[in-house]
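Colleague: Thanks for sharing this one. Could you take me through the reasoning behind the labels you attached to it?

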Amino acid sequence: MAIRTAQALLPAAPLRLTTEEVRLLWSFVHGAIQIPSMRAWMRESLGFCPRHTWGYAVVEIELWEAGVGDRAGHVPFDVSVLYEDLARGLGRRLAQPRGWRRRPDAVLVPGRRCLICTQLDSPPREGFAIGYANSNSAALAAEANPLRHSRRWCSLTADAWAELACSACLGDGPSSPAHDAAAPCRLHLAEALRAGRADDGDLAAAASRLTGVADRLAVFVESVTMFGPSAGPADEASWIEALGFFAGWRFPAFLAGLVAPEN
Ligand SMILES: [Zn+2]
Ligand SMILES: [Zn+2]
């Protein structure tokens, strides 16, 4: 089981998204997220798989150039809206009494496959292979993959999230000591539950933490809109905290220079 989890997590390395992944994620940013059936899929699948969770953030941050406020773009806005919803929903489910559940980890495991992985495996439909608004997906992939803005986001906010990161994700070596504030990500919490190393108290802690993340994400999302309040460091880091919980922490830790790259 440990091997399965390790394989599911993204290694600490550049993503190198393919042209097709960028095409699908860029299309998702531009509309699919608004379709109710897609939102229902996201809730069942607990977002995307780890690779496409971070890929989604990268595509939005690197490629979305226009925006309001000081930043004028390159902001993880859509991804924050989606993961506020997912964090709040999962927090609510984790807070429910679990006595009737045979598998306490089940609520942390996706009930449906990643939408992007599913689309990648589907034969292309005639007329649907073009990028959003006829965009050149290969050029967009070349623009996204250097990760310039994503690296900047992860580095500038690291002080607000590094202590919260799952220590199992970052490795238990001397270079990444477990902090008091650290808590397991979804994948390592599920693994700990299956192994009998976590209990109701850990589920309750995860529930209240997810609700807190959702609240900070709401402030962050508002701060990016025209008339929103300004966001503090914990709000600005909230999307990394949310994605770290759902998809593991190695990728932002790599971008912030906190872990060495893996091959
Ligand atoms: Zn996927
Ligand atoms: Zn983890």
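Modeller: Happy to, and please keep in mind that this is a predicted model. Let me begin with two residues: Cys169 and His188 are both buried.

Colleague: What makes a residue such as Cys169 or His188 count as buried?

Modeller: The label requires a relative accessible area under 20%. Cys114 shows the step with a number: its relative accessibility is 7%, so Cys114 is buried. Across the protein, buried residues make up 49% of the 263 residues.

Colleague: Back to Cys169 and His188, then. Which metal ion do they bind?

Modeller: The zinc ion (ligand 2), where the donors are Cys166 (SG), Cys169 (SG), Cys185 (SG) and His188 (ND1), at 2.0 to 2.4 Å. Along the chain these donors follow the spacing C-x2-C-x15-C-x2-H. Cys169 lies in helix α9 (residues 167-170) and His188 in helix α10 (residues 186-194), so this pair, 19 residues apart, links distant parts of the chain.

Colleague: Why is the arrangement around the zinc ion (ligand 2) called tetrahedral?

Modeller: Four donors earn that name if all angles lie between 85 and 135 degrees. Here the angles are 102 to 118°, and therefore the arrangement is tetrahedral. For reference, the ideal angle for four tetrahedral donors is 109.5 degrees.

Colleague: And how do you know what geometry the zinc ion (ligand 1) has?

Modeller: By the same kind of check: the angles among its four donor atoms are 99 to 114°, to be set against the limits of 85 and 135 degrees. The site is tetrahedral. Its donors are Cys49 (SG), His52 (ND1), Cys114 (SG) and Cys117 (SG), at 2.0 to 2.3 Å, and their spacing in sequence is C-x2-H-x61-C-x2-C. Within this site, Cys49 in the loop between α3 (36-45) and α4 (50-63) and Cys114 in the loop between α5 (77-95) and α6 (115-121) are 65 residues apart, a pair that links distant parts of the chain.

Colleague: Now the helices. Why is α2 described as roughly perpendicular to α7?

Modeller: Helix α2 (residues 19-29) and helix α7 (residues 137-144) pack at about 95°, with their axes 8 Å apart. That angle makes them roughly perpendicular, a term that covers 65 to 115 degrees. Thr19, Val22, Arg23 and Trp26 in α2 meet Ser137, Ala138, Leu140 and Ala141 in α7. By type, the contact residues are five nonpolar, two polar and one charged.

Colleague: How many helices and strands does the protein have?

Modeller: There are 14 helices and zero strands.

Note on methods:
Residues numbered from 1 in each chain as written. Chains lettered and ligands numbered in written order. Predicted model: local features only at pLDDT ≥ 70, side-chain atom pairs only at ≥ 80, totals over all residues. Heavy atoms only, no water. Axes fitted to C-alpha atoms, helices over the stretch in contact; angles between N-to-C directions. Helix = DSSP H or I, 4+ residues; strand = E, 2+ residues; numbered from the N terminus. Parallel < 35°, antiparallel > 145°, perpendicular 65-115°, else oblique. Contact = heavy atoms within 4.5 Å. Nonpolar A, V, L, I, M, F, W, Y, C, P; charged D, E, K, R; others polar. Donors = N, O, S within 2.8 Å, 3.2 Å for Na, K, Ca; no water. Tetrahedral: all angles 85-135°; square planar, octahedral: opposite > 155°, others 65-115°. Buried < 20%, exposed > 50% of the residue type's maximum accessible area, 1.4 Å probe, protein only.
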